[in-house]
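Colleague: I am new to this structure. Please take me closely through one part, the place where the domains meet.

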Amino acid sequence: MTTQVALVGGTGKLGTIIHAVIDELEGFEVSRVLTSNSDLSELAGADLVVDASTPQISIDVVRTAIEHGVNVLVATSGWSAERIALVRPLVESAGTGVVFIPNFSLGSVLGSALAAAAAPFFGSAEIIEAHRETKIDSPSGTAVRTAELIAAARLEQGPVSAPHADQRARGQQVGSVPIHSLRRPGVVAKQEVILSGPGESLTFTHDTIEPALAYAPGIRLAVPFAVQATGVIVGLENMIDIGIRS
């Protein structure tokens with residue numbers, strides 16, 4: 001039996017990449033492509049909804065899919081832990097599954113995991129992320145997820161040191177970690193996590209150079225996983241054993 005996929009935001013940059021990957025997956029077919037202006041009632045009857053829309057409508061896509069009893073793979077940025085908490089009771093009540101993927105790049109997942117594993121050994125952590133000027137949300141979902149992982153890894157040590165965090169130029173704090181967002185031409189996606197301690201610093205840098213090549217392996221993992229998922233699952237790291245423990 002072929003799994004029928006409803007792809008929301010399928011005409012955007014990421015949606016186009018996801019569509020191409022699904023076309024190559026055995027047993028999967030994109031049976032309908034929705035834009036931001038489509039009627040979400042079209043999600044009914046799909047076996048899986050893949051959301052690559054915008055932060056503004058993503059919440060409606062997820063809620064509508066849950067109401068129809070359809071699992072969702074969320075590739076849209078802008079989903080913080082607080083926002084995910086809003087849909088968790090709906091997912092549990094419906095008995096469906098929603099998988100949130102802040103970044104499909106395996107290198108990005110490894111970089112965030114490494115930063116989280118190292119974070120308990122450093123008192124300071126800051127994130128600088130850069131995307132093309134057309135990205136409409138900031139900070140990026142990847143940066144938010146990285147900060148949340150760092151905060152979780154430091155439960156025993158407590159929040160990182162972020163002096164003068166009340167000043168706007170110090171960035172937006174997520175889990176006590178300041179995030180600085182750059183939006184400029186000539187860049188696809190880049191993230192630096194800078195950990196600092198007495199007399200030293202450690203920096204983890206990840207660059208996305210060619211999105212179609214970087215995201216394809218993660219998409220191939222996430223789509224079949226999302227069909228069988230139950231509950232709320234966040235991060236590609238749940239689908240692979242990267243061998244790193246915080």
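Modeller: The protein chain is split into two parts: domain 1 covers 3–100 + 211–239, and domain 2 covers 106–208. Keep in mind that this is a predicted model. Taken over C-alpha atoms, the centres of domain 1 and domain 2 are 25 Å apart. Domain 1 brings 16 residues to the contact, and domain 2 brings 15 residues.

Now the area. The size of an interface is often given as the accessible area lost when the parts come together. Between domain 1 and domain 2, about 1100 Å² is buried. Carbon and sulfur atoms give 64% of that area.

Next, the polar side of the contact. Between domain 1 and domain 2 there are 5 residue pairs in polar contact, counting pairs with both residues at pLDDT 80 or more. The interface also holds 1 salt bridge. Which residue forms a salt bridge with Arg145? The partner is Glu237. The closest N and O atoms of Glu237 and Arg145 are 2.6 Å apart. Glu237 falls in the 211–239 segment of domain 1. Arg145 falls within 106–208, the range of domain 2. Arg145 also has a place in the helix α5 (141–153).

Look at the domain 1 side that touches domain 2. Two or more residues each come from α2 (55–67) and α6 (211–228). Of the elements on this side, α6 gives the most, with 5 residues. By type, the residues of this side divide into 9 nonpolar, 5 polar and 2 charged.

A database record overlaps this region. In an unreviewed entry, UniProt lists residues 112–239 as "domain: Dihydrodipicolinate reductase C-terminal". The end C-alpha atoms of this span lie 15 Å apart. Helix makes up 30% of the span, and strand makes up 31%.

Two backbone details in domain 2 complete the tour. The first is a peptide bond. From Ser138 to Pro139 this bond is cis, with omega near -5 degrees. Pro139 sits in the loop between β6 (124–131) and α5 (141–153). The second is a phi angle. His164 is not a glycine, yet His164 has a positive phi of about 60 degrees. To find His164, go to the loop between α5 and β7 (172–174).

How values were computed
Residues are numbered from 1 along each chain as its sequence is written. This is a predicted model: local features need pLDDT of at least 70, side-chain atom pairs count only at pLDDT 80 or more; totals for chains, interfaces and linings use all residues. Side-chain values use heavy atoms; hydrogens and water are left out. Domain bounds come from an automatic or database domain assignment. Contact means heavy atoms within 4.5 Å. Buried area is the accessible area (1.4 Å probe) that two parts lose on being put together, summed over both. A salt bridge is a side-chain nitrogen of Lys or Arg within 4 Å of a carboxyl oxygen of Asp or Glu. A polar contact is a pair of N or O atoms within 3.5 Å; within protein, one must be able to donate a hydrogen and the other to accept it, and residues adjacent in sequence count only if both atoms are side-chain atoms. Helices (H or I, at least four residues) and strands (E, at least two) are DSSP runs, numbered from the N terminus. Ala, Val, Leu, Ile, Met, Phe, Trp, Tyr, Cys and Pro count as nonpolar, Asp, Glu, Lys and Arg as charged, and the others, Gly among them, as polar. UniProt positions are given in the numbering used here, feature names are shortened, and annotations may be inferred rather than shown by experiment.
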